[in-house]
Amino acid sequence: MDFAAACRTVERTLRSAAVRAALAAAVTAAALAGAAPSLQARDLDPLKPEGFKLPPVAIDAQLTGDQQATRLAFTLSAAVEPKVRMLEKPDRIVIDLPEVNFQLPPDLGRKGRGLVKSFRSGLMAQGRSRVVIELASPALPVRVASEPVMGGAASVLAIELKKADREAFAKAAVPEIREDAAAGRVAGPVDGRPVIVLDPGHGGIDTGAIGVGQTIEKDVVFAFTRQLRDKLEASGRFKVVMTRDSDVFVSLRDRVKIAQAHNASLFVSIHADTLVVSPEVRGMTVYTNSDRASDAESARLAEAENKADSVAGLDPNEDPEEVAGILSDLTRRETRTYSHLFARTLVGQITAASRLNKNPQRSAGFWVLRAPDVPSVLVELGYLSSKSDVQLLTQAEWRDKAAEAIASSIGAFLAPRIAQQAAAAPR
Ligand SMILES: [Zn+2]
């Protein structure tokens with residue numbers, strides 16, 4: 001080897017060593033940044049389980065390949081054991097993992113390549129994470145494995161897909177057997193106060209809408225719902241239950257079941273979606289459930305919302321009537337009337353506190369509102385497709401006023417029932 005060639009080799013080695021060192025530093029930094037609070041809390045915890053380990057951190061995901069073969073590779077701080085399944089309608093590949101701290105830009109997987117239409121990743125439940133790949137055309141994994149990189153300092157989870165025919169894909173697809181999350185979450189002893197179930201939309205692997213300025217729906221609605229819960233609890237008049245109390249995925253069916261299991265007096269689902277067709281539309285809107293949508297926009301919105309389970313890799317083809325059980329038509333009608341009545345009260349109260357949509361009371365077939373025995377509404381706080389709404393929604397002062405208005409309308413709506421209960425109580 002001549003001197004120049006030797007220099008080039010040395011330079012290449014140094015460069016790749018520098019890249020490796022930088023990557024390793026990034027992995028460590030991301031691991032510490034993502035996990036710092038729990039690290040501290042858990043280190044101080046005398047009950048810390050033996051052998052406790054922080055979840056691996058994912059810092060990057062790369063799509064390569066074409067219509068014949070596509071590879072999706074996640075860079076992780078440690079190896080993980082993947083479990084793979086295929087699902088149809090739409091065609092998806094679901095990879096279940098132990099908990100992974102995904103530190104990726106929220107819209108990273110929105111743009112596909114080759115066989116992959118899009119992909120997403122996130123928490124499914126405590127200790128469980130998931131990657132869902134939506135396919136552009138039928139494809140089967142030929143290899144899904146963790147491999148060490150950077151001399152073992154990091155790991156790459158490689159998912160290699162090959163084009164397949166419809167028949168082969170259909171044969172490989174298996175629907176998921178759902179666990180019943182709601183069953184374990186039934187309320188303790190009832191203390192006589194009405195139960196309000198608050199439902200922050202989306203969560204975990206399902207980010208919901210991503211709006212102007214990368215505002216993420218699941219985070220905005222969670223922050224708002226917590227504020228609303230605090231206000232309701234402070235009044236002492238209600239018992240408040242949230243369908244999720246962290247950034248975790250909850251299926252639409254489980255949300256409904258939680259409301260039913262707690263015998264809720266009211267179910268309020270909180271969202272802040274984007275309207276693709278009408279980005280100029282803004283203002284708060286209250287939706288109730290109906291078989292026929294009040295307008296085309298509401299129908300589109302409900303359709304998008306009803307996809308939440310499919311987004312997370314669940315089989316959405318369940319019978320919407322299943323939750324109805326043996327309840328009488330009278331109960332259904334009564335619930336519907338109450339839902340409308342509450343929507344009207346809510347719109348009335350919000351008028352003073354926030355900007356309303358020009359048609360603020362609407363209806364459509366939202367699955368999450370289908371409990372036949374629990375009056376249910378869905379509140380779109382505003383639309384993340386509107387710049388002015390995003391400005392409002394991220395403002396502490398607005399959030400406080402809007403949460404106050406919703407809390408007081410819940411108070412007004414349930415006041416007759418509370419008075420009745422008080423009158424009937426033994427003295
Ligand atoms: Zn939503």
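Here are three short exercises on this predicted model, each with a worked solution.

**Exercise 1. Work out what end-to-end distance helix α7 should have, and check it against the model.**

Start with the length: α7 covers residues 329–353, which is 25 residues. Next, take the rise of 1.5 Å a residue, applied to one less than the number of residues. That gives an expected span of 36 Å, and the end C-alpha atoms are 36 Å apart, so the two agree.

Now look at which parts of α7 are buried: Ser 339, Phe 342, Ala 343, Leu 346, Gln 349 and Ile 350. Residues three or four places apart in an α-helix point the same way, because there are 3.6 residues a turn.

**Exercise 2. Find the strand order of the open four-stranded sheet, then its edges.**

Trace the pairing and you get β3-β4-β7-β6, antiparallel. Strands β3 (83–87) and β6 (116–125) each pair on one side only, which makes them the edges. From one strand to the next, the twist averages 20°. Inside the sheet, β4 (residues 92–98) and β7 (residues 128–135) share 7 bridges. One to look up: Ile 95 has Val 131 of β7 as its bridge partner.

**Exercise 3. Locate the largest nonpolar core relative to the domains.**

Begin with the best-connected of its 96 residues: Ile 196, Val 197, Val 377, Val 379, Leu 381 and Ile 406 touch the most other members. Helix α9 (residues 396–424) gives the most, with 8 residues. Domain 1 (57–172) and domain 2 (190–424) both contribute, so the core lies between them.

Finally, zoom in on Val 377: beyond its sequence neighbours within four places, its contacts include Ser 339, Phe 342, Ala 343 and Leu 346, and these four are among the buried residues of α7.

How values were computed:
Residues numbered from 1 in each chain as written. Predicted model: local features only at pLDDT ≥ 70, side-chain atom pairs only at ≥ 80, totals over all residues. Helix = DSSP H or I, 4+ residues; strand = E, 2+ residues; numbered from the N terminus. Buried ≥ 20, exposed ≤ 12 C-beta atoms within 10 Å, placed from the backbone. Pairing = 2+ DSSP bridges. Axes fitted to C-alpha atoms, helices over the stretch in contact; angles between N-to-C directions. Core = buried A, V, L, I, M, F, W, Y, C linked by C-beta atoms within 7 Å. Domains from an automatic or database assignment. Contact = placed C-beta atoms within 7 Å.
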